[in-house]
Amino acid sequence: MTTPTTRTVPAQQQELPATMRANILKSQGDMAMETLPLPQLDPDQVLVRVAAVGVCGSDVHYYEHGRIGPYVVDHPLVLGHELSGRIAAVGSAVDPARIGRRVAVEPQRPCRTCKQCKAGRYNLCPDIEFYATPPVDGAFAEYVSIQSDFAYDIPDSVSDEAAALIEPLSVGLWACERAEIKPGSRVLIAGAGPIGIIAAQAARAFGATEIYISDIAEDRLAFALEHGATHALNATTDSAEGLDVDAFIDASGAPQAVRSGIKAVAPAGRVILVGLGADDVELPVSYIQNREIWLSGVFRYTNTWPLAIQLIADGKVDLDILVTGRFALSESEEALKAGRQPGQLKAVVYPGR
């Protein structure tokens, strides 16, 4: 973890504390509360007092395994990248009128000048800094800093929890955009966890009329049918092959689900891989070739927050129904373990409480 430097606070912001509390991953399976200086603000940044932080599977993976692919936790790290809060201070180039605004934070900082950024694919920026991805600290803390244009104002009708969960919603929206979901589309989603249910709601908002979802857990399938899906498939007994859907979105990471889902796609259909599973998976290549199926991965998202906020405000997506566990900042470790409990979907940490 890089050590934050002392921040000069403008006169009108002297009420801010000099330090903040953070729950830090010290090493694999070891969390501890610490006191840190507040983040230093660049001219284009805002300081956000964190209200709510959703627990993501990547946070759990870092906690349990200490790494995800090439990203290794070799120094203490603050986890958490799904967050909302209220602007407490602004950098010298930001309008002070933003202080006090409730915001949803897009937790990344692209360089804005590379080839990918200039092409509008800033999620693929080779120098991007992303919250809670080593060595960049995340949001299991009382305050964070972010570029002002990546702190999006939210209406009062959007809860702190829903605003925090715009981050995983953005994954679902980006997957649906990549899958070219449109009115009348038929979609298959593998995995009825939080991302799968979010993807189902996103597909419905995009106009899909048939949304199949598969899982091995009957309780999750039942929940998915109540919140976005139109058909449920038990992955242990029901076959998806031959459905001839327009798109397949994998939110499970299970190799068998990926192979089965590909064989459910109609000619010229799309396959979008979202779930984190094995690094290498055997695919039905001849099926993909003979049907000219378009296959892509998903790496985060680009320009999704405005649409996400609008969909929530309009009632087309409901994220509050996903929250099944609530924890104080000091209980972050318990929040990371909550997913092991039956019936749990989404744990949320509240640093301000």
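This report walks through the fold of one protein chain, from its overall build down to a few single residues.

Keep in mind that you are looking at a predicted model, where local features need pLDDT of at least 70, side-chain atom pairs count only at pLDDT 80 or more, and totals for chains, interfaces and linings use all residues. Residues are numbered from 1 along each chain as its sequence is written, and side-chain values use heavy atoms, with hydrogens and water left out.

## The whole chain

Let's start with the big picture. The protein chain holds 10 helices and 20 strands. Here, helices (H or I, at least four residues) and strands (E, at least two) are DSSP runs, numbered from the N terminus. Measure up the C-alpha trace along its principal axes and you get about 65 × 40 × 35 Å.

How does the radius of gyration fit a compact globule? For 353 residues, such a globule would come out near 20 Å, and the protein chain has 20 Å, so the two agree. That radius is taken over C-alpha atoms, and the globule rule is 2.2 Å times the number of residues to the power 0.38.

Of the 353 residues, 53% are buried. Buried means under 20% relative accessible area, exposed means over 50%, and partly exposed is in between (1.4 Å probe, protein chains only). The accessible surface of the chain is about 15,300 Å², and carbon and sulfur atoms own 50% of it. Those areas come from the Shrake-Rupley method with a 1.4 Å probe, and for residues only the protein chains shown count as cover.

Now for contacts, meaning heavy atoms within 4.5 Å. Take those between residues at least 6 apart in sequence: 68% of them join residues at least 24 apart.

What about charge? There are 30 positive and 43 negative side chains, with the centres of the two sets 3 Å apart. Lys and Arg count as positive and Asp and Glu as negative, while His and the chain ends are not counted. The place of a charge is taken as NZ of Lys, CZ of Arg, CG of Asp or CD of Glu.

## Strands and their partners

Strands of a sheet pair through backbone hydrogen bonds, either parallel or antiparallel. In this report, two strands pair if DSSP finds at least two bridges between them.

One open sheet has three strands in the order S2-S1-S6, with antiparallel pairing. Its edge strands are S2 (30-37) and S6 (77-78), each pairing on one side only. S1 (residues 19-27) is joined to S6 by two bridges, and Ile24 has Val78 as its bridge partner there.

Elsewhere, S3 (residues 45-54) shows up in two pairings, one with S20 and one with S11. Here are three pairings side by side:

| Strands | Bridges | Direction | One partner pair |
|---|---|---|---|
| S3 and S20 | two bridges | antiparallel | Val53 and Val349 |
| S19 and S20 | five bridges | parallel | Phe327 and Val349 |
| S3 and S11 | five bridges | antiparallel | Leu47 and Ser145 |

Val349 of S20 is therefore worth finding on screen, as a bridge partner of Val53 and of Phe327. 

Are the residues of S20 buried or exposed? In S20 (residues 346-350), five of the five residues are buried. Lys346, Val348 and Tyr350 point one way, while Ala347 and Val349 point the other. S11 (143-147) is also mostly covered, with five of its five residues buried. In S11, Tyr143, Ser145 and Gln147 face one way and Val144 and Ile146 the other.

## A few single residues

Ala338 sits in the loop between helix H10 (332-337) and S20. Its relative accessibility is 5%, so Ala338 counts as buried. Leaving out residues up to four places away in sequence, Ala338 touches Phe327, Gln344 and Ala347. The C-alpha atoms of Ala338 and Asp95 are separated by 40 Å, and these two residues are 243 apart along the chain.

Next come some backbone oddities. Most residues other than glycine have a negative phi, and most peptide bonds are trans. Which bond is cis here? The one joining Pro134 and Pro135, where omega is about 5 degrees. Pro135 belongs to the loop between S10 (129-130) and S11.

Ala268 is not a glycine, yet its phi is positive, at about 65 degrees. Ala268 lies in S17 (residues 265-273) and is exposed, with a relative accessible area of 60%. Glu292 also has a positive phi, near 50 degrees. You'll find Glu292 in the loop between helix H8 (285-290) and strand S18 (294-297), and at 65% relative accessibility Glu292 counts as exposed.
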